[in-house]
Structures are given as structure tokens and as C-alpha cells.
Amino acid sequence: MNNDKRIICHPVTNKENDSFIGIRIKNEEIHFYHPESYDLAPKDDLREFRNDIINIIRSISLAKSKSSVNYSVDNGTSKTESFALMSYLWIIRDYFTNGYYRNSEKLYKTNAKGKVNWKKTLETQPIISKGNVIYNDIVTEVRNDCDDVVTDAHKYCVFDSVRKIGWLFGISEKSVYVPKTTTAIIKKYIRAIKTELTRTFDDTKKLRLTHMLKVLSGVDDSDRAKEIVYGVDKYHYVFERMVDCVFSNITDIKKYNPNAKWYLKKNNYSPKDASSLRPDTIRIEPLSKETTGDEKVAYILDAKYYRFGMTKNEDDLPETTSIQKQITYGDNIICNLKKKENIQEVYSAFILPYNKNNNDFDFEDNLEYIGYSKADWRNDKLSHVKIYAFLIDMKHLITTWSQGNCAEDISKLIDEIGKAAKNESM
């Protein structure tokens, strides 16, 4: 960690006025806000500590896919400077791997000065004259006039990225080339990169140029004391998206949405759609390993970013309205999709975060079953009337979402629900 910077960590409870997850940087002080259920590595384990910060920051990017302003990412500063955090991360890692930008693409022109490319020249249409084959259009390799400017731009982007977040990697701006820049030079860099983006067909190069453009667009040295902020005010949507990524195998969830209609007198009782309910996560599996047909079982999962895993307080469990919604999702599948999709059984579960290394349950597994809820007004024996509840280790969830190795969690969830349903029916 750079000696000239301090990082202060804040576990976030998700209570009112304590829900921001992310980074705030002002002057030389860095504040990192993380979910309280995430087992953050100690600072003396710098490698793991930095990896934890990077993984949590990456998860924040999931909030950008939500269009509602309620889940918008605060990706800017208190004034005008933008903070392209993910681009800074990409630029630094790319620099460690590939060094400074060098254009490997060749630029070809016809009848221009430069080295003749005979292969491309021979591919042009020749002229036949008196038995001779004449290639009138000579293709030459010429220097790209943007190359030097883009290289200089990349050097600045590396410097600016290290200046902003080099502390994450244990490096300072003094360890990289420090270019001299002005507003005019930055504008020149941006023009050159935009020009190069129109010329290239190399996807990797396009990605590099795009990240460079984002970094340059956020440059403003007029006031380096401004507060830089990257984070999200509400992390629950991020948690929901990660649970969905880990456990879902359904791409089109709309058909599982319970719908209703209004029939109004003023409209001659013609049907008008009411707003739909939408389950968080659906997983469809074969009814059993021994099944020879295509009978299926549906699992309806609801990710709840609640504090029960940290407090062990029943008041921090999902409320009755959430229980009713889960039952309604199950009713919809049984009524509308049982025959159409051949779904024979439906199970429902809540998933809440916890810390497997610091909890009052004596739990230590990544996924732990804690019990079930049941509506008092339902006396039927349908499997989805009971909603089972699980705790998932937050650090494990973020790692699994990032790496995609979720088979073990899926298998355990299904097995635990099966065991609980069997035991409670006895």
C-alpha cells in the first residue's frame, strides 16, 4: 500500500443512511464501504485484501444494467469529473500484461509511398497489354498517422489510472511514465482515439481504445481535491443479480410472471393488463434422476438482502408479503404451466447473505439451510406453500458469480430442499 495514502474500511449494515457500497476518495484519504456480511481480508494480507476490494467493486457494475433510477450507480464526483473505475482497472491490468500501446495493424494505401505489399498488389485487377500483365494499382504499407498520438494517449491513461487507483495494486504514479498534458493535448488524444476506432477491426484493440476514451473523458486537473465516488446506494439489486447468475438456468422468465387484468365498466369491460409480478430467479430441473420422461420440477428463488445472517434476529427475516409473493409465483406455475411445461412439482426458497467465518449460528459452509416459512391461511399440501430459507456466504457468492463455478451450490440447494421436504412430510 502506498505510504502516502490511507484506506479506511466501513462495514455497511444496509440500515437507513448506511447503505452505500463502494469507494469515496478525497485528497489522500480513501474510504471503502463493503457489505457487513463480506469477510474482508485483513490489510496485512495485501494481496487478498486488494482482491476483495476489486471483487466487490466489480459486483457493483451489475447495478448499471438496471434502468430504474432507484438503482442507478453513482459513477462520478461531487462536481464534474467522472471516475471510470472499471476502465482504470482494465488499463492497469492490460499495461501489466502487454506494456504500452503498439499498433500491430497495418495500414494499406494504393499508389502511395511506402513498402510494397506484393500479396495485396497481386490481388488487385491487372491490366493485360500486348501480352504483358501490368498491375497499375500498387498497394503499399504506410505508417498510421495516429500511432504516435495514440501511444502517447495510452501512456497518459496508464499514468492517470495509476494516479487514481494504483494503491489497489501497490504501485504509485512515480513508477510509471509521467507525461506532460494540457487541455488541448487531451482533446488531441480523444480525437486520435475516435479516429482509430473507426479504422480498426481488431476487437481487442477496440476494447483498449474504448477504455482509453473513458479515462480521457474523465480527465479534469483543475481541482484534484474534488471527491471521487464510485458505488451504489442500494446493493440489494446487485445481490439479487448475483444469486440469479449463480442459480438460474432460465433466459426468458416472462412466462413465469403472474399476470392480472382489469375489467372496467367505462371500457365496456374489455380486459386491460395490470402490472405483473416478477420472480427473482427460476431454475428448472428434471423431476428425478430416474425419470425417463420430460417431467420437471421448478425452483423459485427470492434473494433477500436482509440482515438475519448477521443479527440472528427473526425481525430481519422476509415479511409476510414476500412469503405471499412466493406462494403466488408457485400457484401461477401450477395453474398455467403444469401441463404446458410438464412441471410436476414446485419448490420455493429465500436466499439471504451471511459470513461463514463470523456468525452466531455455528455455521461454516458456503450455503446453509435454516428452516422454512408457511402461510397460516393455506392448508393444502402443495410443495410450494412452504418457503425454505438459506444463508449464503457473501464472499463466496461474489467469487462464484465472478468465476462461474456454481455447480456445487446448485446441487446442495436442490439436495437440501429435497431433504427438508421429505423430513417435514413425515
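Which residue in strand 3 is the bridge partner of Ile7? Hold that while you set up the view.

This is a predicted model, with residues numbered from 1 along each chain as its sequence is written. Local features need pLDDT of at least 70, side-chain atom pairs count only at pLDDT 80 or more, and totals for chains, interfaces and linings use all residues, while side-chain values use heavy atoms, without hydrogens and water.

**Stop 1: strand 3.** Select residues 29-35. Strands (E, at least two residues) and helices (H or I, at least four) are DSSP runs, numbered from the N terminus. Six of the seven residues in strand 3 are buried (under 20% relative accessible area, 1.4 Å probe, protein chains only).

Add strand 1, residues 6-12. It runs parallel to strand 3, with seven bridges; two strands pair if DSSP finds at least two bridges between them. Ile7 has Ile30 as its partner.

Now add strand 2, residues 21-26. Strand 2 is antiparallel to strand 3, over five bridges. Ile23 is bridged to Phe32.

**Stop 2: the five-stranded sheet.** Select strands 13 to 17. The sheet is open, ordered 13-14-15-17-16, with mixed pairing. Strand 13 (281-286) and strand 16 (367-374) are its edges, each pairing on one side only. Twist averages 30° from one strand to the next (axes are lines fitted to C-alpha atoms, for helices over the stretch in contact; angles run from 0 to 180 degrees between N-to-C directions).

Zoom to strands 16 and 17 (386-393): seven antiparallel bridges join them. Glu368 has Leu391 as its bridge partner.

**Stop 3: the helices.** Show helix 9, residues 320-336. Helix 9 packs on the sheet, touching strands 13, 14, 15, 16 and 17 (contact: heavy atoms within 4.5 Å). Its direction makes about 155° with that of strand 15. Finish on helix 10, residues 394-403, which touches strand 15 and strand 17. Its direction makes about 85° with that of strand 17.

Notes:
Buried means under 20% relative accessible area, exposed over 50%, partly exposed in between (1.4 Å probe, protein chains only).
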